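User: Please take a close look at one part of this model and set out what surrounds that part. I would like a single connected account.

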Amino acid sequence: MSEPLTAHPISDEMLMRFADDDLSPVERALVAAAVAGDPELAKRLEPFRFTRDRLARAYDVTLEIPERLSNVLPPTHGATPSGPILLMLFLRRPDIRRGLLGMALLILVTGAVGGWLLRDRLGSDEAGATAAMQRALEETPSHSTARLDNGTSMKLTSTFASIHKQWCREYVVLYANSTQAAGLACRGANGIWKVEVQQDPVSPARSSRQTRQYEPAGEGPSERQPVADYRDRILQADASQQDEQLLIAQRWNRRP
Amino acid sequence: MTDEFRSRLLQLIPRLRRFAVALTGDLDQADDLVQETCARALSRNTQWQQGTRLDSWMYRIAQNIWLDQLRAKKVRGDHVDLAMTDISGTDGRTIVEHRLSLADVNTAMTRLPADQRVLVALVCIDGISYSEAAAITGVPIGTVMSRLARARRQLHTYLEGEATPRLAIGMKP
């Protein structure tokens, strides 16, 4: 620089370059001295340090590659992409997948007897919610509610470690027709949540009566629900709220 | 596709995924974007010039795909990630943690204009230089710096300076 920095007001761009370590040693020393002696300047510097450090660290959890991306590239032997490989990648594209899925559903739904049976299955609130349930189980803190599909939502109620060294979660599915179903799912080593037990949907009044039955105090084992019974059989230790937050942030990469 | 190209592309996938999450604000959409970016890179691998930065080339592809999607769907601001809604608390519960959660940051990022989001993702999150970011986005370096400074001040305000920083897009106070 031809003129001393202190001869001019220090701009936000200069402060940003300081936070990003983009200045020469001389410039850096001058800005450091100015910031040290001027609280207002230090305050202006804060957004740049904040976005360089804390904001960037929040994205560290996304560096872990999920299963679906682990084989995003086809095996190769040094050749250029062949037709089948490009076709495979084409078919993996989400819009194409959705289109193919739509076509498949159209064919199935217009079927005769089998179509009727399948229509009944797809028409239920449970069908088609699996992918959304996976996300809800993966990302939703306990006591919060996640929207699923078709007006269905899911309230997570607890998280615990099982004797099978898996993370498990209790939940209640709230259907659009105002019925509810309690359930319990555990996360496999492959990152997929598997529903271990789920009740048939019941009306809220019956559900709330049953929910009270989850409470161990004052309830005999014979009156308790399958979900609560199953939980008792596999419970190793409850996860604290702090543990749960960490597990969600780190995509459940810590085994119980 | 040479083995070297494939190997380098594979090494880039974690960074590419982080970049995609920063752009889309949604893990599923980000993984879709990474897949599409890889598919396009493989089909056009002869366009990449040896000796130039593969990461910049890939980021440019991802950015273009994402901007095309934005233009096509006009989705800016109307998507609420599941995790964001939950973190904001349907039961009024306040989640306090020292480390910023991804949901908080994603919520704040989705409030920025697309061009600023790309720059934050490149420079702040990936550590790309201003000049390389200018080359990737095709914007003069002076504009890059002024947009970036504005975006970073805004993010700081969203995440640290507002009374309700966890308010998700589309949700009413």
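Analyst: What follows is centred on one helix, α8 of chain B, and its packing partners.

The model is predicted. Helix α8 of chain B covers residues 141-161. Chain B has eight helices and zero strands, so along the sequence its pattern reads α-α-α-α-α-α-α-α. Of the 173 residues in chain B, 44% are buried. Among the chain B contacts that join residues at least 6 apart in sequence, 65% link residues at least 24 apart.

The partner of α8(B) within chain B is taken up here before the one in chain A. Helix α6 of chain B, residues 114-125, packs on α8(B) with the two axes 9 Å apart and an angle of about 90° between them. The pair is therefore roughly perpendicular, since angles of 65 to 115 degrees are counted that way. On the α6(B) side the contact is made by B:D115, B:Q116, B:L119, B:V120, B:V123 and B:C124. On the α8(B) side it is made by B:V144, B:R147, B:L148, B:R150, B:A151, B:R152 and B:L155. By class, these residues are eight nonpolar, one polar and four charged.

As background to such lists, an α-helix has 3.6 residues a turn, so residues three or four places apart point the same way.

Helix α6(B) itself can be described further. With 12 residues at 1.5 Å a residue, α6(B) should span 16 Å, and the 15 Å between its end C-alpha atoms agrees with this. Nine of the 12 residues are buried, so α6(B) is largely enclosed by the rest of the structure. The buried residues are B:R117, B:V118, B:L119, B:V120, B:A121, B:L122, B:V123, B:C124 and B:I125. After α6(B) comes B:G127, which has a positive phi, near 85°.

The other partner belongs to chain A. Helix α1 of chain A, residues 12-19, has an axis that comes within 10 Å of the axis of α8(B), and the two cross at roughly 80°. Helices α1(A) and α8(B) are therefore roughly perpendicular to each other. Chain A contributes A:D12, A:E13 and A:M16 to this contact. From α8(B) the contributing residues are B:M145, B:S146, B:L148, B:A149 and B:R152. The residues of the contact divide into four nonpolar, one polar and three charged.

Two residues of α8(B) appear in both lists: B:L148 and B:R152 take part in the contact with α6(B) and also in the contact with α1(A).

Chain A, which supplies α1(A), has 12 helices and six strands. Buried residues make up 24% of its 256 residues. In chain A, residues 24 or more positions apart account for 42% of the contacts with a separation of 6 or more.

One further residue of α8(B) can be placed. B:Q154 lies in this helix and has 19 other C-beta atoms within 10 Å, so it counts as partly exposed, given that a buried residue needs 20 or more. The C-alpha atoms of B:Q154 and B:R111 are 9.2 Å apart, although the two residues are 43 apart in sequence.

In summary, α8(B) is roughly perpendicular to α6(B) in its own chain and roughly perpendicular to α1(A) in the other.

Terms used:
Residues numbered from 1 in each chain as written. Chains lettered and ligands numbered in written order. Predicted model: local features only at pLDDT ≥ 70, side-chain atom pairs only at ≥ 80, totals over all residues. Axes fitted to C-alpha atoms, helices over the stretch in contact; angles between N-to-C directions. Helix = DSSP H or I, 4+ residues; strand = E, 2+ residues; numbered from the N terminus. Parallel < 35°, antiparallel > 145°, perpendicular 65-115°, else oblique. Contact = placed C-beta atoms within 7 Å. Nonpolar A, V, L, I, M, F, W, Y, C, P; charged D, E, K, R; others polar. Expected span 1.5 Å × (residues − 1).
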